[in-house]
Amino acid sequence: MSDTAAQYQALLSRIAADGTSEGDNYVAFSGGVDSALVAHGVHRVFPGRALAVMALSPSVSREMRASAEAVAAHIAIPLRFVQTYETENPVYVANEGLSCYVCKSGIYDAMKAIRELLPAGEVRLFNGTNADDLSDPTRVGLLAAREHGVLSPLDYLRKEDVRRLSRHAGLPNWNHAASPCLRSRLHSGVPASDVHLHRVESAERIVRSTYGLSPACNFRVRHLPGDLAMLEFDAETLATVDPALCRDALIGLGYADVQIRVFRSGAVAFTPSASDS
């Protein structure tokens, strides 16, 4: 047995130990590579007792929903949508470091509410948190996961390991770029309002179409203070991009100006200082 195959079997064993065969196992699902691998594992270990749950709100784009539906269909795990209302919470809208906590709390509350509508029985909640996430100080949603007793079977795996195991499992999105919620595109302090979230969604749709970007390409439209649209691309893509091609379209959405720079994950996130920790 190869090292990858052995690690894959070890992951399934961990899911088997964490999950339940007496109740149900719900996976917080986005369609990204991390939650897809967990959903695949949970469905394989607990067929008939596995459910992928995706939260819908203005922070989730239509493209994210469509991708999640396709991945869930490939896995053959049932997918259920729940509505969340984080954009009605002023702490979330303020976007000053606690938005992710508010959002994740709402998602886990909604997942638990599903159980209340079904026959009595235990439920285990899973997410796709990996080892790299645990060292990221901007991921305050991890606190919400701990408060809700959410299980993270990938928390010992680096992102590169997750992708390798996902490829081994035959998942179609194993090499897709990360695509977190739309709120992550807003610079800290830029309000996470419905207007700003929908604007970013429209802008990214325009940029992806204009430059013919593949799902494996890292790119973002960052909404910076002063209504500046900062287009971020992988270094090799950045060298070929002419921002003038989509500038007028983005100005038409309400941006004051358009600039470009190299992609960096978490480039606009609130990062707590030493005095905050």
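This briefing covers the strands, helices, one loop residue and the cysteines of the structure above. The model is predicted. One sheet is open, has four strands and pairs them in parallel. Further along the chain, strand β6 (residues 228–233) pairs with β5 in the antiparallel sense and with β7 in the parallel sense. The structure holds zero disulfides.

**The four-stranded sheet**

- The strand order is β3-β2-β1-β4, and the sheet is open.
- β3 (79–83) and β4 (123–126) are the edge strands; each has a single partner, so one side of each is left without a neighbour in the sheet.
- On average, neighbouring strands of this sheet are turned by 30° against each other, direction ignored.
- Strand β1 (residues 24–28) runs parallel to strand β2 (residues 50–56), and four bridges join the two.
- Y26 stands opposite L51 of β2.
- β2 also runs parallel to β3, here with five bridges.
- A55 has V82 in β3 as its bridge partner.

**Helices on the sheet**

- Helix α2 (residues 33–45) lies across β1, β2 and β4.
- The direction of α2 is at about 170° to β1.
- Helix α3 (residues 62–75) packs on the sheet as well, where it touches β2 and β3.
- The direction of α3 makes about 155° with that of β3.
- Together, β2, α3 and β3 form a β-α-β unit, and this unit is right-handed.

**T20 in the loop before β1**

- T20 sits in the loop between α1 (3–18) and β1.
- T20 has 3% relative accessibility, and the cut-off for buried is under 20%, so T20 counts as buried.
- The T20 side chain reaches two backbone nitrogens: that of E22 at 3.0 Å and that of G23 at 3.2 Å.
- Leaving aside neighbours within four places in sequence, T20 is in contact with N25, F46, R49, E122 and R124.

**Strands β5, β6 and β7**

- Six bridges pair strand β5 (residues 219–224) with β6, in the antiparallel sense.
- V221 has L231 of β6 as its bridge partner.
- The hairpin of β5 and β6 has three residues between the strands.
- Within this hairpin, G226 takes a positive phi near 80°.
- Six bridges also pair β6 with strand β7 (residues 257–262), in the parallel sense.
- M230 stands opposite Q259 in β7.
- β6 is mostly covered: six of its six residues are buried.
- L228, M230 and E232 point one way from β6, while A229, L231 and F233 point the other way.
- Residues on both of these sides of β6 are buried, E232 and F233 among them.

**Cysteines**

- With zero disulfides in the structure, C217 is in none; its nearest cysteine sulfur, that of C246, is 13 Å away.
- A disulfide needs the two sulfur atoms within 2.5 Å, so the 13 Å from the sulfur of C246 to that of C217 is too far for a bond.
- C217 is buried, with a relative accessible area of 9%.
- C246 is buried too, with a relative accessible area of 1%.

Conventions. Residues are numbered from 1 along each chain as its sequence is written. This is a predicted model: local features need pLDDT of at least 70, side-chain atom pairs count only at pLDDT 80 or more; totals for chains, interfaces and linings use all residues. Side-chain values use heavy atoms; hydrogens and water are left out. Two strands pair if DSSP finds at least two bridges between them. Axes are lines fitted to C-alpha atoms, for helices over the stretch in contact, and angles run from 0 to 180 degrees between N-to-C directions. Contact means heavy atoms within 4.5 Å. Buried means under 20% relative accessible area, exposed over 50%, partly exposed in between (1.4 Å probe, protein chains only). A polar contact is a pair of N or O atoms within 3.5 Å; within protein, one must be able to donate a hydrogen and the other to accept it, and residues adjacent in sequence count only if both atoms are side-chain atoms. A crossover is right-handed if, with the strands pointing away from the viewer, the path from the first strand over the helix to the second runs clockwise.
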